[in-house]
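Here is a quick tour of a protein model, going from whole chains down to single residues. Have the viewer open as you read.

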Amino acid sequence: TPRHATPSIPSRSLPARKPGNVLEEARARLHVSSVPDSLPCREQEFQDIYNFVESKIMDGTGGCMYISGVPGTGKTATVHEVIRSLQHAAEQEEIPSFHFIEINGMKMTDPHQAYVQILQKLTDQKATADHAAALLEKRFSAPAPKKETTVLLVDELDLLWTRKQNVMYNLFDWPTRRHARLVVLTIANTMDLPERIMINRVASRLGLTRMSFQPYTFKQLQQIITSRLNRVKAFEEDALQLVSRKVAALSGDARRCLDICRRATEICEHSGQKGAVGLVGMSHVMEALDEMFSSSYIAAIRCASLQEQLFLRAVIAEFRRLGLEEATFQQ
Amino acid sequence: MTAVGPPCSSESSFMSPSMNAFLSEYDHMTWLKYIYDRTVHIMSKRKSREKHLTVGECVSQVQRVLRERFCHQRLPDKPVGLESQYKHLLELLRRTAVHGESNSVLIIGPRGSGKTMLLRCALRELLELQEVKTNILQVHLSGLLQTDDRIALREITRQLQLENVVGDKVFGSFAENLVFLLDALKKGDKSSSRPVFFILDEFDLFAHHKNQTLLYNLLDVSQSAQAPVAVVGLTCRLDVLELLEKRVKSRFSHRQIHLLSSLTISQYRDAFRAELTLQDDFPDSKFSQEWNLDISKLCEDKSVDEILQKHYNSSKDFRSLHSLLLLAVSRVSVSSPTLRAVDLLEASRMSSADSKGNILHGLSILELCLIISMKHLNDIYEGEPFNFQMVHNEFKKFLQRKSHSIHNFEKPVVFK
C-alpha cells in the first residue's frame, strides 16, 4: 500500500456547465447537497446546542448530549452549523480554540473502528483498534497543560452497539474524566435509544442532556423551500404549499420535500416548449407527487399476463373459501 | 440442436452481470460495439465477394443472425414502448454527466422486461457525446457477484482505479478501503471532478448486506456536496423500498422508473414479426426478401396466432418469446429453408412440456403400480402421510385380487 496516498477522484477534462435558465438554477438550489448558510426553522435547537457546547468549551469541562429525531429533520446539518459558527468565534478569539472530530457509525465496518478513526483524526497516526483504544485512554486520562477541548460528533450512534457495549461506554466515560476536556454530541434516530439498548452504566454516563428534533410542519417546509429558492422565481405559491402539506402529512422529511420539488422542475421543463420556460404549477407538482408516493402494485397487477391474473383470482377464491390467509400450492 | 435452446438463453442472461465485471476495464459498451462492428464487417465482406449464396449458406446465416438476436440479447436501436421512461433516464444521467448533479434512481420491472436493455441504450446514447465520453467513470456491480460489502468495495476500488490499486489487486483491509473510498469521494467537488455512475444490478440483494453500509454511503454521497455520482439500481422487486432502512430510505431520492409491459396482443404479434424479420444488411437480398415474405405470411396463419395467444396469456415478457423462437428457428435446415407453422407448433409443444409427466413416462411397471397404490392411499385417507409398509400392503392387496402373479415381486425388490 502506498502509505500516504492522497485519495482522490480524477478530475474531469472540462468543468461542469453552469445552470442555463431559471429552472436549472432552481434545481441546483433545491439539491439536497447545497446546504444553506443558516438553517431556517431550527433556531431554537441551534441556540440550545450552541449554548451547551460553548459553555463546556469556556469552562474547559466535558459532557455528553444526545440528539434524536427521524431522518431528514436537520440534525446533522444543525450540529455542523453550530460547529461552524463556534469555529468562527474561535478564530475571532472570543472562545478558546478546539478540535472537532466527526465519526459516523454507518461509515465504519465495525464499531471498534471508531477508535481508529478518532485517533487518526486527532493525531494522524494509524493503529489497530485495540492499540488505538489504549492510546486514546491514555490521552484522555493523563493531565496535560494547555490541552485543547475536543468536540466529538458521533452520528448514527445505534450502530456502535456491541454486545459488551464497551465502545459506547468508553465514548461516554472519557468526558467524565477530569482531564479529558471532551464534549461528545451523539445523534441517533430513536428517542428512547438510551433506555432501550444501553445497559445502566452506559445510560447513566450519557446523562440527561437530551434534545429531540420534531418532524417539520408544513409551514416550516414551505419556509425552507422559499429560503432555498432565495428569490429565484420558479414556483407558484400554491404548488409549494401543496408539496409541503403532503410531505408534512406523511413524514416531515425535508429531503423528500426537496426531491419532489426538483422532480417537479424537471417535469415542468419537459412539458414546456423549448425556450419558453414557465413557472412550476400545480399540475407539475401533482404529477411529481404521484410519481414518488403512489404505490405501483395495482399497475403491476393490471399489466400481468392472463395466467398470472387467473392465479391471483384463484388465490383470492381459496382465501374466501377457507378464511385462512395462507394456502398451499396444491389447493 | 433443439435441446441447446433453453440453457443457452438462460446462460446468456446469467453471464451478462459477470461479463460486466470482467469487461468493465474495457468498457462493456465498446465491447458490444466491437462485436457489432465485426459482424457488419464480415457481412459486408461476404457481400462483396458473392452476390448470391447457396441455400445452405443462407440458412446458416439466418441461423446465426437470429440466434445472436435471441441469445445474446443484442441491443435494439431504440427501446420499444418505453419512450417516456427512456427519456427520463437519459435526461437524468445526462444531467449527472454534464451538470455534475448527483442523482439516484431505481429501475423496477419484472424479469425480462428490459431493464438492462433500457440502461444500456441510455448509456450508449450518452457515450456518443464527446463531452460525456471523456468525463464519466462507470462502476458496474451485481448483487449476485458482490455478495457482501467487502467484495463490492474491492470491486469499486478496482473499477475506479483509485490509488491503492496496483495492477488488479486492491490493498488494505476492508475498513481502510472504505475510509479511502469515502475520502476520495469527499475530496471531489461538484464542478471539477469526474462524475461516477454506480450501476447496481440486483439491487434488492444489496439491501440484504449487513447494516446496508454500502447503500447508505453511496446514497449519502449522492445527497451531499461531494463528487457527483449517479446511483442506478435495477431490481425486479416492487417492495424494494420496504427493504431499505429508514435512514437509507430517507437518503434515496424516491425516483422510480417502472417498466411494466402494457403490451396488447396486437403489439405482441408485431413484436413477433419484427423479431423474425431480417434486416437490410443481410448478404443475399433475394433470400431475405423471400424470408420476410414467408414471415409475414406466417403471421397471418391461424395456428400461429393461436400459439402466440397462448404464450401471450401465460407470460408477456420477451425472453420467453425469444426462447420459443429460438426453438423454432433451430428447426430450419437446408431441406426446409423456411420457417413453417409446424416448426412453431413443435417448439411451443416442447417449451410447454410437463416435466413431471415426462418423468412418469420413463418409469417401470412396478414403479407405476406403486404410484397408483400411493394414489389410492391418498384418496382414502385424504392427505394423511403414509410409509412404505402401507404402500406395500396396498400393492399386495392389488396383487392378490386382480393381477395374475406377473408382478409378484419380493419385498426387497419393491423396496428398491
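Chain B has an accessible surface of about 20,800 Å², and carbon and sulfur atoms own 56% of that. Keep in mind that this is a predicted model. Here is how the two chains look in the overall numbers.

| Property | Chain A | Chain B |
|---|---|---|
| Helices and strands in chain A and in chain B | 14 helices, five strands | 21 helices, seven strands |
| Buried residues in chain A and in chain B | 47% of 331 residues | 49% of 416 residues |
| Contacts (separation of 6 or more) between residues 24 or more positions apart, in chain A and in chain B | 73% | 75% |
| Accessible surface of chain A and of chain B | about 17,400 Å², 52% from carbon and sulfur atoms | about 20,800 Å², 56% from carbon and sulfur atoms |

**Chain A as a whole**

What radius of gyration does chain A have, set against a compact globule of 331 residues? The chain comes out at 26 Å, while the globule would be near 20 Å. Along the principal axes, the C-alpha trace of chain A spans about 75 × 60 × 45 Å. As for charge, chain A carries 41 positive and 38 negative ones, and the mean positions of the two sets sit 3 Å apart.

**A buried strand residue**

Now zoom in on Ser68(A), which belongs to strand β1 (residues 63–69) of chain A. Its relative accessibility is 2%, so Ser68(A) counts as buried. Leaving out residues up to four places away in sequence, Ser68(A) touches Lys75(A), then the run Ala188(A), Asn189(A), Thr190(A) and Met191(A), and also Met211(A), Ser212(A) and Phe213(A). For a sense of scale, try drawing a line from Ser68(A) to Ile267(A): the two are 199 residues apart in sequence, and their C-alphas are 35 Å apart in space.

**A glutamine that meets chain B**

Gln117(A) is part of helix α4 (residues 113–123) of chain A. Is Gln117(A) buried or exposed? With a relative accessible area of 11%, Gln117(A) falls under the 20% cut-off, so Gln117(A) is buried. Setting aside neighbours within four places in sequence, Gln117(A) is in contact with Ile103(A), Lys107(A) and Met108(A), as well as Val179(B) from chain B.

**Two positive phi values**

Two loop residues in chain A are worth a click for their backbone angles. Cys41(A) has phi near 70°, a positive value in a residue other than glycine. You'll find Cys41(A) in the loop between α1 (22–30) and α2 (43–59) of chain A. At 11% relative accessibility, Cys41(A) counts as buried.

Asp124(A) has phi near 65°, again positive in a residue other than glycine. Asp124(A) is in the loop between α4 and α5 (129–141) of chain A. Here the relative accessible area is 66%, so Asp124(A) is exposed.

**One helix in chain B**

To finish, hop over to helix α16 of chain B, residues 318–329. Its 12 residues reach 16 Å from the first C-alpha to the last, close to the 16 Å expected at 1.5 Å a residue. Which residues of α16(B) are buried? They are Leu321(B), His322(B), Leu324(B), Leu325(B), Leu326(B), Leu327(B), Ala328(B) and Val329(B).

Definitions and conventions. Residues are numbered from 1 along each chain as its sequence is written. Chains are lettered from A and ligands numbered from 1 in the order in which they are written. This is a predicted model: local features need pLDDT of at least 70, side-chain atom pairs count only at pLDDT 80 or more; totals for chains, interfaces and linings use all residues. Side-chain values use heavy atoms; hydrogens and water are left out. Helices (H or I, at least four residues) and strands (E, at least two) are DSSP runs, numbered from the N terminus. The expected span of a helix is 1.5 Å times one less than its number of residues. Buried means under 20% relative accessible area, exposed over 50%, partly exposed in between (1.4 Å probe, protein chains only). Contact means heavy atoms within 4.5 Å. The radius of gyration is taken over C-alpha atoms; the globule rule is 2.2 Å times the number of residues to the power 0.38. Accessible areas come from the Shrake-Rupley method with a 1.4 Å probe; for residues, only the protein chains shown count as cover. Lys and Arg count as positive and Asp and Glu as negative; His and the chain ends are not counted. The place of a charge is taken as NZ of Lys, CZ of Arg, CG of Asp or CD of Glu.
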